[in-house]
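The following exercises concern enclosed space and strand pairing. Please work through each task before reading its solution.

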Amino acid sequence: MTAPAAERSLTLKEVGQAQRGSRPDEVVIAVSPAFADPFTKTIVEVPHAEVIRQILAGIEEQGVHARMIKVWDTADLAAVAHIGARLSGSGISVGLLSRGTTMIHQRDLPRLSNLELFPQSPLLDAEVFRLIGSNAAQYAKGESPAPVPTRNDQMARPRWQAKAALLHLKEYECIVAGRRPVEVEPVISRLS
Amino acid sequence: MTTTEGRRSKRTEILEARPVNLDGFVEEWPEKGLVAMESDFDPTPSVRVEDGRIVELDGRARADFDFMDTFIADHALDVETAEEVNAIPSIEIARMLVDPRATRDEVIAVGRGLTPAKILDVVKLMNVVEIMMAMQKMRARRTPANQAHSTSAKDNPIQVAADAAEGALRGFAELETTLGVVRYAPLVAIALQVGGQVGRGGVLTQCALEEATELELGMRGITAYAETISVYGTESVFVDGDDTPWSKTFLAGAYASRGIKMRFTSGTGSEVQMGNAEGRSMLYLEIRCILMAKGAGVQGLQNGSISCIGVPGAVPGGIRAVAAENLIASWMDLECASGNDQSFSHSSMRRVSRALPQLLPGTDFVCSGYSGVPNADNMFAGSNFDVEDYDDWNTIQRDLQVDGGLRHVREPEILQVREKAARALQAVFAELDLPPITDAEVEAAVYAHGSGDYPDRDVLEDLKGAQAVMDRGVTGLDLVKALERTGFHDVAENLLTVLRQRVSGDLLQTSAILTDDFVPLSAINDANDYGGPGSGYRLEGERWEQLKKLRHVTSAENPETEVS
Amino acid sequence: MIVVGVDIGNSTTEACVASVVEGRVEYSGTALTRTTGVKGTPDNTEGAVSAVRRALNGRTPDLVLLNEATPVISGLAMETISETIITESTMIGHNPATPGGSGIGVGTTVSIDALVSATGPTIAVVPAGWDFDDVAHEITSSGADVVAAVLAHDDAVLVCNRLRTPIPVVDEVGAVEKVPLGMLAAVEVAPPGRTIRTLSDSYGLASVFGLDPDQTRQVSPVARALTGNRSAVVVRTPSGDVTDRRIPVGTLTLTGAGKTQRVDVDAGAEEIMATLARVQPLDDATGEPGTHVGGMLAQVRDTMTDVTGQPAAEIRIRDVLAVDTVVPNEVRGGLAGEVALENAVALAAMVRTSRSRMQVVADQVAEALGCRAEIGGIEGEMAVRGALTTPGTAVPIAVLDLGGGSTDAALLTSEGSSAVHVAGAGELVTKLIDSELALDDREQAEAVKRYPLAKVESFFHVRHEDGTVQFFAEPLPSHVFARVVTMTPEGPAPVQTRHTVDHVRRVRREAKRKVFAVNALRALRQVAPQGSLRLLDFVVLLGGSALDFEIPELIADALAPHGVVCGIGNVHGTEGPRNAVASGLVDAWVSR
């Protein structure tokens with residue numbers, strides 16, 4: 001992006017209990033309990049503000065609407081994404097964990113399945129998040145986008161396996177069992 | 001003392017750039033189980049037996065048992081001796097493990113009744129040298145061995161066959177493969193089997209797949225053993241994978257019913273990685289896995305963290321815990337295929353130090369496995385060692401006079417077995433009406449290093465052929481017949497002899513492998529009799545002479561030349 | 001006694017077992033295997049023996065009958081004969097999926113970081129690395145009169161949504177740094193579902209750029225190239241142009257009927273086939289060295305030499321089939337990876353020889369199986385005999401054998417029989433489908449050829465190509481969601497394409513028609529009495545491609561105007577179009 005990259009912050013304003021959407025041209029972005037608060041960036045330090053900004057941009061560029069929810073009672077990516085998909089008017093959702101692991105889900109799929117999965121969080125950067133948003137929007141429109149190309153890094157395990165385990169445990173601590181998903185409005189403010 | 005703001009030490013910059021600083025390290029978090037083996041949250045050992053049944057295990061009453069506790073209490077622990085041996089002070093048991101004068105049988109007799117927390121308590125008293133000392137005595141088979149991966153980034157069967165042959169020639173006793181495209185499995189498994197037998201008769205082969213398919217290939221005799229049947233240390237993680245200890249045991253029984261060798265797989269770190277360590281340390285949970293395997297009646301276990309190695313590798317004392325888990329498996333009288341099989345560090349120094357606790361004392365399989373292909377072709381996501389480390393490995397064996405299962409082989413011999421393996425596979429494919437292997441592919445196989453050095457195959461035709469193998473019910477005997485008909489009598493004989501082992505059931509014994517004379521070598525007839533200096537397996541005699549050879553050794557007779 | 005008929009084809013070897021007792025024949029087993037080696041050579045022995053063993057299923061044979069299979073080597077080459085070139089980066093016509101705004105903006109091209117000093121109507125040109133928020137901000141706050149924009153990233157809608165008033169924006173221009181700056185240009189975007197009106201019209205361009213009649217004529221290829229686009233950019237450069245150039249790919253020399261004719265391959269299939277017609281029956285064909293076609297024809301000859309030992313000079317190419325097709329290719333000088341459908345010619349060729357080595361095959365088969373083996377007869381004749389076991393058929397009868405490498409026709413009347421082979425069959429169809437859909441994947445192209453299409457509309461239903469909907473009780477796998485799929489026996493398989501089901505279906509049917517329907521007529525004309533199709537009454541379709549779900553109907557449609565009735569063979573009333581030659585061999589032997 002423009003050098004130096006603009007610094008932005010992300011606040012998720014709660015607007016009420018998450019409801020099922022009726023418009024068929026919407027994608028729901030579902031985030032995990034610790035997303036944006038207390039965590040503010042992914043495992044490779046991509047700010048959450050930039051993650052959401054890029055996903056929203058990908059969806060907007062396709063002419064589709066976006067709605068965001070925060071899931072409170074689980075930190076399992078498939079569950080988070082599937083809850084979002086079932087609430088989405090198009091049936092399509094993007095699920096995110098704080099460390100960056102992402103998936104595109106659809107409401108009729110089994111929970112443990114997905115449309116596209118991005119399991120190696122260290123390999124996801126702003127550009128990939130933009131493509132994920134774009135693909136999700138295209139699925140919502142009934143189009144068939146080519147899956148976002150995934151990179152593979154053999155040395156990702158030595159470098160990141162333990163930090164990922166640690167972040168996962170921290171996220172688990174933020175679970176509020178029994179709390180229903182909440183619709184949130186992403187407020188992205190520029191700091192510089 | 002003044003420092004200019006922002007000026008860095010040149011030394012710091014150099015150290016920052018070292019590969020080891022690319023590895024991941026984290027602080028411990030014992031409450032969540034992110035700790036190797038020293039945790040205040042692990043249970044206190046306890047056991048109570050009533051009417052021949054264990055009613056309390058490590059602080060839990062039977063009414064509160066989860067299914068791991070139940071399985072261990074009912075099937076793993078020796079009820080007769082439990083209360084007695086758990087009362088022995090841990091320090092005494094630890095000393096028995098280390099002291100060469102306490103025999104393996106004595107130590108096993110004690111271990112049989114110990115609870116998971118008690119076992120943990122014992123090994124916590126041992127430093128890594130003591131653990132290695134104990135390992136030397138406790139491994140089941142007297143003769144150490146090694147295992148390799150042979151895979152291809154393009155699932156190219158010729159590559160798998162040629163590298164299997166080279167690996168077998170270099171000394172691996174077991175060979176493992178897996179696929180990028182699952183449908184290729186029948187052809188690649190056949191290639192591994194044929195290539196392995198060309199390298200040296202008696203090598204055992206496996207193909208790591210989804211469990212039902214792997215069992216079918218084994219039942220058909222296209223593979224000789226299975227290993228990647230995973231077990232976990234907490235009920236929640238086990239259930240997440242849609243399994244229970246009983247379902248895994250049933251699967252083990254299915255293999256045993258055909259005389260096929262198999263072992264389970266487990267490893268420290270898997271539970272905490274999945275976020276469900278229930279507050280227990282990595283080693284405590286791994287001990288539960290080891291006892292579960294024992295209770296199921298399988299002959300052995302692959303452990304040593306395996307694909308979770310990045311997790312214990314990131315916490316203090318993690319590699320010590322990994323050494324301990326290998327020891328405990330052997331202590332429970334199981335064959336131990338001791339890890340060293342997954343990439344876990346950018347640092348060459350760390351890659352070696354991590355393997356010393358297995359290499360120096362010797363285990364049933366020092367690596368499970370070493371990559372017998374370049375890591376870029378390794379479809380297990382990269383191993384701790386690969387083909388480019390062969391000469392270093394052989395040198396370390398020679399430096400320390402230890403037998404790591406491998407030896408240096410001269411190039412002409414290697415080229416010869418590679419060519420023979422490719423030709424044999426070419427003949428088998430032709431006999432079985434599979435997509436042909438051209439002479440150009442055979443030629444490439446002889447000199448190749450990685451998958452890029454082979455001509456591309458017609459994948460569509462290969463996949464159709466692979467399906468035909470399954471549809472037509474091709475078995476190991478068909479491979480034997482094909483090899484025989486095409487003139488590869490010795491390879492046919494080798495394969496037939498390997499297949500015959502199912503009838504004798506010898507490969508069901510603990511730690512069974514076959515020598516190149518097809519003599520089964522297992523804990524039964526090659527029992528580890530280590531009892532201190534001058535006993536047990538020693539690298540000496542003819543074998544030591546073999547391991548003295550390296551690629552370049554200056555001749556003593558004529559220092560202007562090298563030993564040929 | 002147990003008699004086995006064996007038909008060695010180009011791709012498959014079929015065996016048919018019969019027990020013959022006092023002249024009565026009872027068929028009892030068939031088998032199919034891949035032909036080993038080139039048809040008609042000793043390498044076929046393995047496949048033949050394998051097929052016979054499978055069909056026998058344990059019984060011992062007394063006699064094996066093999067067809068007089070003469071080697072047929074077929075070859076296939078594709079030559080792209082046109083090329084699109086844009087000069088001076090004068091236009092951008094890649095038609096991105098999500099342009100911004102609508103309408104037309106005419107102004108001077110200025111880089112976004114120089115907007116503050118721009119005067120007059122301006123078109124902002126934005127390189128890679130600019131964030132969309134910053135682009136919108138810069139356009140709004142620079143004070144310049146920005147009437148349109150050209151972007152490197154996929155940000156057109158994003159930028160437009162952040163402007164006070166929307167302007168036409170074309171995005172995803174990969175080589176945006178090549179857009180000439182400081183020049184007069186126009187950007188046009190049509191509303192969704194519509195196409196541009198001005199830049200795709202020569203007079204539109206004339207109005208926008210104030211062109212005189214000569215300049216208008218010169219710029220008309222640009223207008224033509226942009227027709228049908230939803231968005232476009234045209235920059236008025238001194239002599240920028242877009243040309244559709246013919247690529248010279250050498251000549252094809254055809255010899256026959258005492259004449260030699262030369263035709264330029266880039267003249268297209270029609271011209272080539274017309275030239276071929278003038279020299280029928282073809283004696284030989286050669287291409288120019290250094291061209292794909294020339295190389296293929298030489299290779300086919302060489303392979304035949306290797307296989308039969310016959311010197312290359314004595315080998316004749318007996319038939320060629322040229323088919324027009326299209327190949328998507330990147331446009332030279334394009335700024336955004338524009339792809340144009342270039343014309344191409346696919347050429348199939350066939351070479352055969354009369355030298356047969358079948359006796360060697362027969363001897364080796366006899367030795368392997370421990371019984372007698374004889375050469376039964378010419379395959380054309382045998383095919384017809386086998387076809388005659390189809391209920392409802394009678395002499396005179398014509399047979400069309402649709403194979404993988406060649407299409408064969410044979411005719412049996414009360415006076416005798418004749419047979420002919422023409423180049424072009426199943427393999428060529430797959431190749432055409434592969435190139436026209438730019439799949440670059442033979443497996444997928446095969447699947448498109450063989451199985452009907454559908455669009456997966458939800459996880460529980462697909463819409464077939466005929467419009468009907470099929471529901472599933474279990475959810476479909478996630479990798480087929482929203483995709484165009486082929487309905488294979490193993491389930492829906494995705495086709496990697498952005499085209500609609502209709503488009504793919506059209507390509508598939510056209511490919512089959514261009515090869516099989518054309519060849520059906522060509523081959524049948526050569527065996528028909530006096531070359532007239534009208535004099536054929538019945539045509540039986542045999543071979544693997546006769547099992548295809550639409551090829552028989554395409555052929556029937558092509559033959560109907562000539563009053564010919566055709567149907568799919570059903571050998572012995574049970575084998576369908578397979579095993580005709582193998583059964584024919586047994587029948588011929590019995591009736592001797």
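A cavity is a set of points, on a 1 Å grid over the protein atoms alone, where a 1.4 Å probe fits but cannot get out; lining residues have an atom within 4 Å of a point. This is a predicted model, in which local features need pLDDT of at least 70, side-chain atom pairs count only at pLDDT 80 or more, and totals for chains, interfaces and linings use all residues. Residues are numbered from 1 along each chain as its sequence is written.

**Exercise 1.** Determine which residues line the largest cavity.

*Solution.* Step 1: the whole structure holds five cavities of 30 Å³ or more. Step 2: the largest cavity has about 100 Å³ of space, a volume being the space filled by probe spheres set on points joined across faces, edges and corners. Step 3: its lining consists of P43(B), L57(B), D58(B), R60(B), D66(B), D69(B), I72(B), P116(B), E278(B), R280(B), Y284(B) and R288(B).

**Exercise 2.** Establish the strand order of the open sheet in chain B.

*Solution.* Step 1: strands are DSSP runs (E, at least two residues) numbered from the N terminus, and two strands pair if DSSP finds at least two bridges between them. Step 2: the four strands follow the order β7-β8-β9-β10 in chain B, with parallel pairing. Step 3: β7 (225–230) and β10 (335–337) of chain B each have a single partner strand, so one side of each lacks a neighbour in the sheet. Step 4: two bridges connect β8 (residues 261–265) of chain B with β9 (residues 300–302) of chain B. Step 5: T265(B) has Q302(B) in β9(B) as its bridge partner.

Definitions and conventions. Chains lettered and ligands numbered in written order. Heavy atoms only, no water. 1 Å grid on protein atoms, 1.4 Å probe; cavity = no way out; pocket = protein on both sides within 12 Å on 5 of 7 lines; lining within 4 Å.
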